[in-house]
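Reader: I'm new to this one, and I'd like to learn how to read it. Could you walk me through it piece by piece?

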Amino acid sequence: MRRDLILIDWFNLIFRVFYAVPPFHTKEWVPVNALFGYIKALTKILSMDAAYIVMTFDSGGGTFRSEADASYKAQRDGMPSDLASQMDLIFQATDLMQVPRTACPGFEADDIIGTFVRKYEKDMEHIYIVSSDKDLFQFIGPNVSVFDAMKDRVFDREEAIKKFEVEPAQIVDY
């Protein structure tokens, strides 16, 4: 097994599968489209057979950014009720698939992912960031790429430049 690390931006993945998979439900009318899409995406991610995998979460309750600026993400709508009702099942699926998860009070999943990348990029053969969040493209490097699980597409330096027309290190300015 290669010494690869997969870092998953959990909320990014959940919202993407929720909106990508048409609504459907059990015979008891329990929505399960996000759960279905999540399990399908997570199965694909796990098939990459990395030595290490971590599911990262926003801690909830605000971050150092929202403390500095009350308007930070204030315009975002709340979680749709059909998605919120599936969260316990999604957590159970994560645990059943034995995917470790982490969060850090006051920080977002992006912050945790960035910390992991900088700390382990020299120790790993490759690091895959599973997210479509543009901010995370700044970490792309010789052995770091972004994997879009919904499109089954890996973004390395060249692919990131094609997409954004700037170097990955310039994404922050972009």
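**Reading the fold, step by step**

Author: Let's start with one helix. In helix H1 (residues 10-20), the buried residues are Trp10, Asn12, Leu13, Ile14, Val17 and Phe18. Keep in mind that this is a predicted model.

Reader: What do the buried residues of H1 pack against?

Author: To read a buried residue, look for its neighbours. Here the buried residues of H1 pack against E1, H2, E2, helix H4 (81-84) and H5.

Reader: Let me step back, then. How many helices and strands are there in the protein chain?

Author: Seven helices and six strands. Going from the N terminus, the elements run β-α-α-β-α-α-α-β-α-β-β-β-α. Of the 174 residues in the chain, 41% are buried.

Reader: In what order do the six strands sit in the sheet?

Author: Sheet order is about who sits beside whom, so read it separately from the chain order. The six strands form an open sheet in the order E3-E2-E1-E4-E5-E6, and the pairing is mixed. At the edges you find strand E3 (101-102) and strand E6 (153-155), each pairing on one side only.

Reader: Which strands does E1 pair with, and in what sense?

Author: For each pair, check the direction and then the bridges. E1 pairs with E4 in the parallel sense over five bridges, and Ile6 has Tyr128 as its bridge partner in E4. E1 also pairs with E2 in the parallel sense, again over five bridges; there, Leu7 has Val54 as its bridge partner. Further along, strand E4 (residues 126-130) and strand E5 (residues 144-148) run parallel and are joined by four bridges. One place to look is Ile127, whose bridge partner in E5 is Val144.

Reader: Is E1 mostly covered or mostly open?

Author: Count its buried residues. E1 is mostly covered, with six of its six residues buried. Now look at where they point: Asp4, Ile6 and Ile8 go one way, while Leu5, Leu7 and Asp9 go the other, and all are buried.

Reader: Which strands does helix H2 touch where it packs on the sheet?

Author: Helix H2 (residues 33-46) touches strand E1 (4-9), strand E2 (52-56), E4 and E5. For its direction, compare H2 with a strand: its direction makes about 150° with that of E2.

Reader: And how do H2 and H5 pack together?

Author: With two helices, take the angle and the distance between the axes. H2 and helix H5 (residues 87-96) pack at an angle of about 20°, with axes 9 Å apart. Angles under 35 degrees count as roughly parallel, so H2 and H5 are roughly parallel to each other. H2 passes H5 in a right-handed crossing.

Reader: Which residues meet there?

Author: From H2 come Ala34, Leu35, Tyr38 and Ile39, and they meet Leu89, Ile90, Ala93 and Thr94 in H5. Sorted by class, this contact has seven nonpolar residues, one polar and no charged ones.

Reader: Last one: is Asp111 buried or exposed?

Author: Use the relative accessible area. Buried means under 20%, and Asp111 has 17%, so Asp111 is buried. You'll find Asp111 in helix H6 (residues 109-120). Also compare sequence with space: Asp111 and Leu136 are 25 residues apart in sequence and 9.3 Å apart in space, C-alpha to C-alpha. Across the chain, among contacts with a separation of 6 or more, 67% come from residues 24 or more positions apart.

How values were computed. Residues are numbered from 1 along each chain as its sequence is written. This is a predicted model: local features need pLDDT of at least 70, side-chain atom pairs count only at pLDDT 80 or more; totals for chains, interfaces and linings use all residues. Side-chain values use heavy atoms; hydrogens and water are left out. Two strands pair if DSSP finds at least two bridges between them. Contact means heavy atoms within 4.5 Å. Axes are lines fitted to C-alpha atoms, for helices over the stretch in contact, and angles run from 0 to 180 degrees between N-to-C directions. Angles under 35 degrees count as roughly parallel, over 145 as roughly antiparallel, 65 to 115 as roughly perpendicular and the rest as oblique. A crossing is left-handed if the near helix is turned anticlockwise from the far one by less than a right angle, and right-handed if clockwise. Ala, Val, Leu, Ile, Met, Phe, Trp, Tyr, Cys and Pro count as nonpolar, Asp, Glu, Lys and Arg as charged, and the others, Gly among them, as polar. Buried means under 20% relative accessible area, exposed over 50%, partly exposed in between (1.4 Å probe, protein chains only).
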